[in-house]
Amino acid sequence: MNKDFHCYATYCAAILAGYSHEESAVIGYSSQMVDLCTRTMLSKLHAPQSAATTQLQLELMDARTDIIGLQDITRIWASFHFLPGDLYAVPEQKCSKKYLKKYRLICKPNSELLEKTVRRAKGKNLQDAGIAMHVLADTWAHSYFAGTPSLVINNTNYHFFELIQGENGEEERKVNFRHSPSSPDEPEKSAYTNTVYYNNENSIMSLGHGRAGHLPDYCFVRYKYLPAWGNYEEIIKDNPSDYLCAFTQMVYALKYLRGTIPEFEKGHYDTESIEPVKDEIQRILHTVQLDSTKDWRELGKKLSGHELEEIDVEAIEKEYLDADADEKDDTFLGRFIIGALAQKSMVTNQIFQSGNRLAGYSIELGSKGFKGIRDFKKLLKRREAGSDE
Amino acid sequence: MNSFQRIISFFKGIGLVLFALILLEYPKDGIIIVAAIISLSLLLYGFRLLWYYTRMARHMVGGKSILFQSIIFLDVAIFSASLITESQFWVMIYLLGVYAFSGAIDILRAFEAKKNGAPSWKMKFSGGCIRVAATIALFVIGIIFRETTVLLYGYCINLGYAAVMHFINAFRRTAIVYIQ
Amino acid sequence: MDATIRRLQNNLITLGTGSVAFGLWMLIKFSLICMLQRSDYYQAIEGFSKEQYEIAFVITVMTFAVVFFIHFLIIGISARALGRGRKNSVFYLIVAFITVSYYLAIIISEIFLIISSGHNILSQSVNIVIDISAVIILFEIIVYSIRLKSLLKN
């Protein structure tokens with residue numbers, strides 16, 4: 001998903017869940033921050049680089065694709081953008097262990113990991129809620145792709161059609177993919193940019209939904225294609241419907257995090273709260289435009305009476321830089337970093353527990369004590385301070 | 001690039017320099033060794049593709065293309081191995097062809113890097129152009145004068161140039177790390 | 001059933017492309033054999049000089065190479081066309097049958113050659129493996145084409 005949904009739609013969902021404008025703004029900004037917090041930014045601020053929640057294109061181009069590099073990439077993308085749907089899934093056909101491990105990282109909504117993600121954010125900072133909402137929203141948009149470089153899971157082929165509502169009913173229009181990042185996508189011609197096909201299992205070009213371009217991130221698109229893992233079964237992705245599910249699930253999750261409802265369970269959606277603005281949301285989701293920021297902002301203003309300003313990353317960075325060493329964790333970015341470390345730690349641990357080493361190794365603090373990446377010591381300190389459950 | 005990648009790049013450069021020196025010192029045996037290594041690497045690549053197909057790609061939509069690629073690479077490898085002792089002149093031409101091809105790939109990758117905004121595209125592009133141009137020039141000399149010695153010197157210069165590029169990459173400052 | 005049809009179509013496109021690539025490689029390989037290794041195949045025949053033998057060798061080999069290439073090209077392009085949903089005749093299937101028969105004969109003769117001469121066992125064995133792969137590709141094209149046509153008819 002793009003900034004329009006992660007920041008502004010999340011803000012609207014938070015308002016509908018009962019949060020104030022200021023709280024909703026923090027949640028929205030934190031959700032957006034997941035797409036901005038790179039190693040480059042963190043190293044500039046001398047912040048823990050393990051808290052990176054995304055990678056720049058340049059970082060990816062220089063990334064190693066040996067086992068260590070792949071684990072690093074998988075930790076980031078599987079934890080924040082492609083939450084695995086079922087870590088114990090078994091494909092229909094017999095397959096090798098290597099294939100099975102990658103198959104099990106396929107992202108799907110309403111997973112047990114999603115429940116753990118949302119429950120982990122309960123009683124924590126608003127930044128944790130924002131991170132959880134980003135992860136939740138992306139499980140809908142990025143379904144059927146895996147957050148690890150894999151040709152056999154993430155590849156697509158010529159069988160890729162956009163479903164368009166024409167005068168004579170639904171029409172299929174072949175998607176024209178090209179490999180030109182500088183050219184904007186042209187939805188009216190079904191011309192979109194995607195990554196180049198590389199005949200290498202661990203190529204960065206086969207990370208996530210690169211081979212499908214930005215189609216999963218456009219709320220108006222309906223399309224069908226053959227996923228590489230799907231045994232020639234067609235998948236139909238109805239983004240307007242999926243995005244609506246994501247929105248209503250976010251409202252439900254945020255009500256749980258706020259304490260309005262006692263429990264969060266997968267497969268539940270708060271359709272009642274959105275009823276007054278449902279038509280407006282449907283209109284936004286069905287409008288053919290690459291960026292719906294303006295529409296979501298207007299909806300947010302209508303709901304809260306306040307205008308949500310554009311996220312000021314420089315101000316956030318400045319706050320972090322200017323804070324004293326022992327006060328950094330109380331800044332916006334400081335809290336976000338702790339939330340990101342906790343999310344990454346939880347997902348990596350769950351993947352590791354399932355017998356999958358693709359996200360690296362995870363050590364139980366209770367039994368083995370602290371070992372490994374120094375950045376995660378913050379979580380240990382937080383637990384000792386009594387913040388963790 | 002991180003430290004590990006830089007070390008690998010440096011040692012690749014050293015390896016290429018040693019290779020060039022061996023070729024210059026023992027031209028007849030050197031060509032055979034180089035041709036054998038290229039055949040072996042094609043063979044290993046073919047087997048790697050075949051192994052990849054059996055373990056992973058057979059479950060993938062369109063994965064059969066990997067199988068065909070492996071068969072073709074294996075056949076190319078076996079055929080090039082049969083050429084090793086036959087005609088060293090043609091082996092040199094073949095090696096130069098591979099080098100020109102890798103130069104062309106560098107040019108294509110430079111265009112892609114430019115589209116993605118990476119500043120390293122200029123170096124890649126100039127490296128690729130020099131490689132292609134030099135290979136074509138030597139190819140022409142080899143055909144007209146049928147001089148394997150000149151071809152060999154040209155190939156060694158190419159190897160030396162590649163080694164220098166590896167050394168430069170090993171010590172080059174990466175823009176990402178040093179942004180302030 | 002849709003998934004099966006898609007699988008067959010996709011496989012035919014891949015097999016067709018593989019067939020064309022294979023034919024092209026055969027053409028290149030035989031050309032290189034004629035250029036570089038023709039003297040290896042020289043056998044003294046009474047009344048013929050070495051040059052005459054080599055000319056005859058090149059003509060024979062290149063004729064076979066071009067014929068095989070055209071066979072693979074016809075089969076490959078037709079298989080791709082069927083995979084893309086375009087109607088075509090069964091002519092290419094007949095060509096495929098003929099090519100499979102040629103290859104089977106070649107494989108049998110290569111096996112006899114290994115048993116009788118005992119020279120170059122490794123490279124001859126690899127050649128047999130490559131030829132068997134060609135037979136499998138063509139056989140799969142035939143089988144998938146027939147299956148796809150019957151499924152589409154239904």
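Where chain A touches chain B, 26 residues of chain A and 17 residues of chain B take part. Keep in mind that this is a predicted model.

On the chain A side, helix H3 (39-44), helix H4 (57-62), helix H6 (97-103) and helix H9 (151-154) of chain A are the elements that each give two or more residues to the contact. H4(A) hands over the largest share, 5 residues. Sort that side of chain A by class and you get 11 nonpolar, 9 polar and 6 charged residues.

Chain B has another partner, too. Its contact with chain C takes 15 residues from chain B and 16 residues from chain C. Two elements of chain C give two or more residues here, namely helix H1 (2-36) and helix H4 (121-153) of chain C. H1(C) gives the most, with 11 residues. By class, the side of chain C that touches chain B has 7 nonpolar, 8 polar and 1 charged residues.

Here are chains B and C next to each other.

| Chain | Residues | Helices and strands | Share buried | Contacts (separation of at least 6) joining residues at least 24 apart |
|---|---|---|---|---|
| Chain B | 180 residues | 6 helices, 0 strands | 34% | 68% |
| Chain C | 154 residues | 4 helices, 0 strands | 24% | 79% |

Reading from the N terminus, the elements of chain B go α-α-α-α-α-α, and those of chain C go α-α-α-α. As for the dimensions of chain C, its C-alpha trace spans about 60 × 30 × 20 Å along its principal axes.

Now back to chain A, for a look at a pair of its helices. How far apart are the axes of helix H8 and helix H14 of chain A, and at what angle do the helices pack? Helix H8 (residues 126-141) and helix H14 (residues 332-353) of chain A have axes 8 Å apart and pack at an angle of about 50°. That angle makes H8(A) oblique to H14(A). Is the crossing of H8(A) and H14(A) left-handed or right-handed? The crossing is right-handed.

If you'd like to find this spot in the structure, look on H8(A) for Gln127(A), Asp128(A), Ile131(A) and Val135(A). They meet Arg335(A), Phe336(A), Gly339(A), Ala340(A) and Gln343(A) on H14(A). Split by class, the residues of this contact come to 4 nonpolar, 3 polar and 2 charged.

One more helix of chain A is worth a visit. Helix H12 (residues 293-304) of chain A has 12 residues. From its first C-alpha to its last, H12(A) reaches 16 Å, close to the 16 Å expected at 1.5 Å a residue.

Which residues of H12(A) are buried? They are Asp295(A), Trp296(A), Arg297(A), Leu299(A), Gly300(A) and Ser304(A). And what covers them? The cover includes helix H1 (3-16), helix H2 (21-33) and helix H11 (278-286) of chain A. Just past the end of H12(A) comes Gly305(A), which takes a positive phi of about 85°.

To recap, chain B has a contact with chain A that takes 17 residues from chain B, and a contact with chain C that takes 15 residues from chain B. On the far sides of those contacts, H4(A) gives the largest share of the chain A side, while H1(C) gives the most to the chain C side.

Technical notes. Residues are numbered from 1 along each chain as its sequence is written. Chains are lettered from A and ligands numbered from 1 in the order in which they are written. This is a predicted model: local features need pLDDT of at least 70, side-chain atom pairs count only at pLDDT 80 or more; totals for chains, interfaces and linings use all residues. Two residues are in contact if their C-beta atoms, placed from the backbone, lie within 7 Å. Helices (H or I, at least four residues) and strands (E, at least two) are DSSP runs, numbered from the N terminus. Ala, Val, Leu, Ile, Met, Phe, Trp, Tyr, Cys and Pro count as nonpolar, Asp, Glu, Lys and Arg as charged, and the others, Gly among them, as polar. Axes are lines fitted to C-alpha atoms, for helices over the stretch in contact, and angles run from 0 to 180 degrees between N-to-C directions. Angles under 35 degrees count as roughly parallel, over 145 as roughly antiparallel, 65 to 115 as roughly perpendicular and the rest as oblique. A crossing is left-handed if the near helix is turned anticlockwise from the far one by less than a right angle, and right-handed if clockwise. A residue is buried if 20 or more other C-beta atoms lie within 10 Å of its own, exposed if 12 or fewer, and partly exposed in between; C-beta atoms are placed from the backbone. The expected span of a helix is 1.5 Å times one less than its number of residues.
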